[in-house]
Amino acid sequence: MILAWWQNLPLFLVLCPLMCGVACSALRGKASRCVTAAMCAAESAGMAVLLWYTASGNVSFTYAMGKIGAPFGNELRAGPAEALMGLGFTLVLTLSVTGGNRSLTEDVESKRMNLFGAMIGLLTAATAAIVFTNDLFTAYVFIEITTLSACALIGVTNRGRALFSSARYMVMNLLGSGLFLLGLSMLYALTGQLLFPQLASAVDALIAENRYSVSMYLSFLLMGLGLCIKSALYPFHTWLPDAYSNATAVSGALLSSLVSKLYIFLLIKIALRAAGEEAFIHRIGDVLFLYAAVGTVLGSVHALYQRKLSRVIAYSSVAQIACVYLGIALGSGEGIAAALFYILAHSAAKSMLFVTSHKLRRACGGADGLEDLRGAARRSPLAGLAFLAGACSLVGIPGLGGFAAKMYLAQAAIGGGGWRMPALLGLLAVSTTLNAAYMLRTALILYSRDKPAGEAGKPKARDAAFAAATAVMIGLNLFLGFCGRPVIELIHRGLALFS
Amino acid sequence: MPANKKKHDAFARLADWLENGAQPLDEEIGESLADEAYEEENAAEKTIPSVEVKKQTPKKKKRQERHRRKRRDALTVGAYADAWWYRVTAFIVCVSLVGLLLYGVVRMPLFGNADTLADSEVASFYVTHTLEETGAVNIVTGIILDYRGFDTLGESHVLFVAVSSVLLLLSIRGEKDEQERLLESDREQRTEPDHDLVLQGGARLLLPLVLIFGIYIILNGHLSPGGGFSGGAVLGAGLILYQNAFGYDRIGKFFTYRTFRAVSVSALLFYALAKGYHFLTGANHIPGGIPEGTAGAILSGGLLLPLNIAVGCVVTCTMYALYTMFRRGAF
C-alpha cells in the first residue's frame, strides 16, 4: 500500500541534509553557506509538518528502508516525541547558524567555509537519523558521523587550543563510541536482533528464561556508559569545558544544545524501546541518580570559579546535563518526560548564550575574561538582553523555559515519591541557588556601569540575521515558559506511543 | 654534515616535522600560559624583601618552572597527568574494565551454539531469501547493500566525514608565504624517494595486477566475495603505491584534489539518490522498475552493481586522500 505523503518525511529529513552536506563540500564558501541555511530552514519546516501530522492524529509509524522491513531490513520510526525533539534540535540549529553567521565569517577562513557547511549538513542528517532510528546499529553509524563532524566543528577555528580541545574531545568520545559498539555487539550475539521492538521481545524472553543475564546487563551497562561519556555526565565531563569554550560560537551552540543532547535522547529510546524499563532504568537508576546528583552540584561549583565568560557557560552545561539525568534516574514516565522537556528548554537557552556571548566579546575587542567584559551588555544591548534572558532561563526565573523544566522535574519527583523525592527537591534548590550565583553574577558584570577595560570593537553594519535569530530565540524561551503545558503533554503522548 | 645526514633517518624526519609543524602551536599556547594566575603569583613574590629574594632565587625559579609545566600539562595532556594517584586510578579503572568485560564475555553463548542462533530467524532468513529477493549470489553484499543499505549509506558518509575533517584540520595554517613554500618544497625533495629503481620496477610489475584485481573485486562484488569496500581498499593501496614509486608529479597528472572531490562527491550523491529511490519505492510498495537480470550474470542484482562501484570510488578516494593528507598535509 502507498503511504500518506507525510509519512515519507523521515526519509527526506535524513537524505536531504546528507546530500546537501556532500554537495556543500564541492561548492564555494558563500554558495555553501546559502545551501546550508536553506537546508536548515527546510529541515525545521519538515520536522514541524511531521509533528503536526503525528500529533494531530496521535500516531506513530515505522518506515521500512527498502522492500523488506523489520526484522530483516533497516527501519525508521516517527511519532510525536521524535518529531518534537527533532523540531527542537533543528530549530536550535537553524537559529544558531543564522544568528552566528557573522561570527563564522570572523572565525572561519572563507576557503574552509565549504567544509564547515559540509559538517553542518552531515550533523543535521545524523541528528535526524538518530532521532528517527528504530535500529541499534543505524544509531551507531550516525553516532560516528556526529562524533567526527563535531570534532571538526571544534577544530575549525584557527586557534591552537581549539585543536587540542578537538583532539581531547575525539579521544573521550571515541572511547564512548567504542563502549557503545562493544555493548551493541554483545547484545547482538545474545539476541540476534538489532531493531528495537524485536530486541525488546528477545530481551524479555532472555529475562524470563533467566539466561545469559550477566552478559546482557553488561551490554546495557556498556552502552549506557558510552552514551554517558558522550553526553558528559559529571565524572566524564572533562572534555566538555575546553571543547565548548575554545570552539567558535556556532560550534559551541551546536555541541551543547544538539550533539550531547542527542545521545541522551538515544539513551532514553534504548532504555524505553529496546531494553524495557525493567532491564535498564530500574537497574541503573540509583547509580545514575548518584552521578547526576554529584554533577548537578559540582558542575555549578566549578562554574562559580571560572573567570572567563565562555567557560562559565561551558561549566553550566555540565550542571544542566546532570539535571537532565536526574529526570531519567527517577525511572518514571513523568521523570523521562520532564528530562525531555529539560533538554528542549536547555537547548533553547544555551544556544542563545553561546551565540550572544560571541557578540558581547566582540563588543569588548574580543576579550573573554569576565573582568574585561564589564559593561559589555551596554555596548551591545540586544546581545545583552538575550544573554540576560538565557541566564534567567537557566536559573529558573518564572516565565522562561528553565523554570517550567525545573517545575516539571519537581512535579515528577513528587509524583514518584520515595527517597528520591526529598533528594531531588533538595538538589534542585541547591542547583538553582548556585545557578543564580554564577549566572546572575555574570549578567550583573555584563550590565555594570564601570568602563569596559577592552577596546570597543569596530562599529559594524547592523547584523539583521543576528537580531532576527535572537528575537526568535527569546520568543522560543518565553513560549516554553508560558506554554509548557501543551509541550509536556505532547511528550507524554509520544512516550505513551513508545512501547 | 652529520646534521644533514640525520635528516634522512625516518624518525629524525618525523621529529623534524613534528618540531616545525608544532612550533606555531607552541607559541600560541605560550601566550595563554601567561594567564592571570601566573601573573598573580609573580606579583605576590615581588613584595618579598630583596634579601630573601636573593636567597630564594633558585627555589623561585624552580617553582616558576613547575608552575609553567603544570599549566602546560593542563593544556595539553590534562591537569593531573603527573600525579601518582591519577596513574594508580587509571590503572585500577583499566584493569577493572578489562576484568568486567572478560567476566561478561565468558558468559556469552559459544559461537555456533545452536540454541541461541535458533532464536534468530533473521540469520536463516538471510541465507534462504537473499538470492531470490536481491539477486545477489554473494549474500554479504545483498545484506549490506539491500537489507541494511541505510547503514551502509551512513558508513560511506562516515568515510567522507573523516576525510573532510582531516582536510579541515590539517589545512589549519593559513596562506603560506613564499619562504614557507620554498622550505616545504625543499623538505619534499629530501623526503621524496629518488627514482628508486627497485621500487619503480616492482610497482611497474605489480600495479596493473593490483588495479585490475581491485576493479574485479568491485565489479564482481555481488557474485563473489568482495564488493565496494574491499575493492576500493585495493585500488586505494594501488594509488598509494603509484605515488610512492613515481612521486607527486606523476600522480598529479591524473589524480588531484579536484579529481578527488569530483569523484567522491558525485559517487556519494549518486549513492544517496539511488538508495533514496530504492527506499521510497520499497516503503511505498511501488515497483522500482530496475531490471533484476538473471542471477549470476555480471549485469544482475538491480542496483547492487552501480552501488558497489559508487562505494568503491568513495573508498579509493578516501584511502588515498587520508594517506596523502597525513603525509604532506595537502594534495
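These questions and answers walk through a predicted model with chains A and B.

Visitor: How many helices and strands does chain B have?
Guide: From the N terminus on, each element of chain B reads α. The run is α-α-α-α-α-α-α-α-α-α-α-α-α-α. Chain B therefore comes to 14 helices and zero strands.

Visitor: What percentage of the residues of chain B count as buried?
Guide: A residue is buried if 20 or more other C-beta atoms lie within 10 Å of its own. Chain B has 331 residues. The buried part is 26%.

Visitor: In chain B, what share of the contacts with a separation of 6 or more comes from residues 24 or more positions apart?
Guide: Contact here requires C-beta atoms within 7 Å. Among the chain B contacts with a separation of 6 or more, the pairs 24 or more positions apart make up 73%.

Visitor: Which element gives the most to the side of chain A that touches chain B?
Guide: On that side, 58 residues of chain A are in contact with 54 residues of chain B. Elements giving two or more residues include α1 (9–24), β1 (61–64) and α7 (160–191) of chain A. With eleven residues, the top contributor is α6(A).

Visitor: How many nonpolar residues has the side of chain A that touches chain B?
Guide: This side also holds 13 polar and seven charged residues. The nonpolar count is 38.

Visitor: Which strand runs antiparallel to β1(A), and how many bridges join the two?
Guide: A:Y63 stands opposite A:L76 in β2(A). The partner of β1(A) is β2(A), and the number of bridges is four.

Visitor: Are the residues on the two faces of strand β2 of chain A buried or exposed?
Guide: In a regular strand, side chains alternate between the two faces of the sheet. In β2 (residues 75–78) of chain A, A:E75 and A:R77 lie on one side. A:L76 and A:A78 lie on the other. Both faces are covered, and these four residues are all buried.

Visitor: Which element supplies the largest share of the side of domain 1 of chain A that touches domain 2 of chain A?
Guide: The assignment gives domain 1 (1–279) and domain 2 (343–499), with centres 24 Å apart. Here 27 residues of domain 1 of chain A are in contact with 25 residues of domain 2 of chain A. α3 (80–99), α4 (101–107) and α11 (249–279) of chain A each supply at least two residues of the domain 1 side. The largest share, ten residues, comes from α11(A).

Visitor: Which residues have the most contacts inside the largest nonpolar core?
Guide: That core has 251 residues. α11(A) gives the most to this core, with 19 residues. Domain 1 and domain 2 of chain A each provide at least three. The residues with the most contacts inside the core are A:Y325, A:L326 and A:F341.

Visitor: Which residues is A:Y325 in contact with, leaving aside its neighbours within four places in sequence?
Guide: One of the contacts is A:L233. The full set is A:L233, A:L288, A:Y291 and A:A292.

Visitor: Why does A:G327 count as buried?
Guide: A:G327 sits in helix α13 (residues 309–330) of chain A. Contacts beyond four places in sequence include A:I336, A:Y342 and A:L409. The cut-off for burial is 20 or more other C-beta atoms within 10 Å. A:G327 counts as buried because its C-beta neighbours inside 10 Å number 28.

Visitor: How far apart in space are A:G327 and A:K406?
Guide: In sequence, A:G327 and A:K406 are 79 residues apart. In space, C-alpha to C-alpha, the distance is 9.8 Å.

Terms used: Residues are numbered from 1 along each chain as its sequence is written. Chains are lettered from A and ligands numbered from 1 in the order in which they are written. This is a predicted model: local features need pLDDT of at least 70, side-chain atom pairs count only at pLDDT 80 or more; totals for chains, interfaces and linings use all residues. A residue is buried if 20 or more other C-beta atoms lie within 10 Å of its own, exposed if 12 or fewer, and partly exposed in between; C-beta atoms are placed from the backbone. Two residues are in contact if their C-beta atoms, placed from the backbone, lie within 7 Å. Ala, Val, Leu, Ile, Met, Phe, Trp, Tyr, Cys and Pro count as nonpolar, Asp, Glu, Lys and Arg as charged, and the others, Gly among them, as polar. Two strands pair if DSSP finds at least two bridges between them. Domain bounds come from an automatic or database domain assignment. A nonpolar core is a set of buried Ala, Val, Leu, Ile, Met, Phe, Trp, Tyr and Cys residues joined through C-beta atoms within 7 Å.
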